Amino acid sequence: KKFESFGAFRRVKDEGQTAIKTRWVFSENDDSKGETLKARLCMRGDTEENIESIRADSPTANKDTLKLGLAIAANEGFNLLSGDIKSAFLQGQSLQRLVYVIPPPEAQEKDTLWVLEKGAYGLIDGSR
């Protein structure tokens, strides 16, 4: 449902395009509200064509940069908070290439493929 509500894909007729498979990944979390079960639809990005030409690095903060930021925050008396962005992949930038995906069986979409509009878990460049 979230994939659809965020416009993460569009449906196209299956005309023999090379498509990657999907799989569900389930995880259990214990938090202050009790035990929760999460399900993520992941793409089999390792089976994508031309993966050697896809940029796979992701932007991260250098350890020294993080230390400097924390030192400035402590010096200025800032209150630091942490957070989690729900459905972060689905709120990212649009993909700049065509990625055809075989919908999960639960979607019950015969002779249809999805073209991803947004990054997703499992793609080689998913975290970019």
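A residue counts as buried under 20% relative accessible area, as exposed over 50%, and as partly exposed in between. Arg11 has a relative accessibility of 43%, so this residue is partly exposed. The model is a predicted one.

Start with the overall layout. The protein chain holds 2 helices and 5 strands. Read from the N terminus, the order is α-β-β-β-α-β-β. The chain has 128 residues, and 24% of them count as buried. Its exposed surface is about 9,800 Å², with carbon and sulfur atoms supplying 50%. Contacts reach far along the sequence. Take those between residues at least 6 apart: 65% of them join residues at least 24 apart.

Strand 1 shows such long-range links in detail. This strand spans residues 9-13. Begin with Phe9. A search of the whole structure turns up 1 aromatic pair. Its members are Phe9 and Trp114, and the pair is stacked. The ring centres lie 3.9 Å apart, with 20° between the planes. The angle is under 30 degrees, so the arrangement counts as stacked. Phe9 belongs to strand 1 and Trp114 to strand 5, with their positions 105 residues apart in sequence. Are these two residues buried or exposed? Phe9 has 11% relative accessibility and counts as buried. Trp114, at 6%, is buried as well.

Move on to Arg10. This residue makes a salt bridge with Glu117, and the closest N and O atoms are 2.6 Å apart. Arg10 lies in strand 1, while Glu117 sits in the segment after strand 5 (112-116), so the bridge ties together parts that are 107 residues apart in sequence. Arg10 is partly exposed, with a relative accessible area of 39%. Glu117 is partly exposed too, at 25% relative accessibility.

Now return to Arg11. Its salt-bridge partner is Glu109, with the closest N and O atoms 3.0 Å apart. Where does Glu109 lie? Glu109 is in the loop between strand 4 (100-101) and strand 5, whereas Arg11 is in strand 1. The pair therefore ties together parts that are 98 residues apart in sequence. With a nitrogen-to-oxygen limit of 4 Å, the count comes to 2 salt bridges.

Put the pieces together along strand 1. Phe9 stacks with Trp114. Arg10 bridges to Glu117. Arg11 bridges to Glu109. The aromatic partners Phe9 and Trp114 are buried, whereas Arg10 and Arg11 are partly exposed.

Conventions
Residues numbered from 1 in each chain as written. Predicted model: local features only at pLDDT ≥ 70, side-chain atom pairs only at ≥ 80, totals over all residues. Heavy atoms only, no water. Salt bridge = Lys/Arg side-chain N within 4 Å of Asp/Glu carboxyl O. Helix = DSSP H or I, 4+ residues; strand = E, 2+ residues; numbered from the N terminus. Buried < 20%, exposed > 50% of the residue type's maximum accessible area, 1.4 Å probe, protein only. Phe/Tyr/Trp six-rings, centres within 6.5 Å; stacked < 30°, edge-to-face > 60°. Contact = heavy atoms within 4.5 Å. Areas by Shrake-Rupley, 256 points an atom, 1.4 Å probe, with all protein chains shown as cover.
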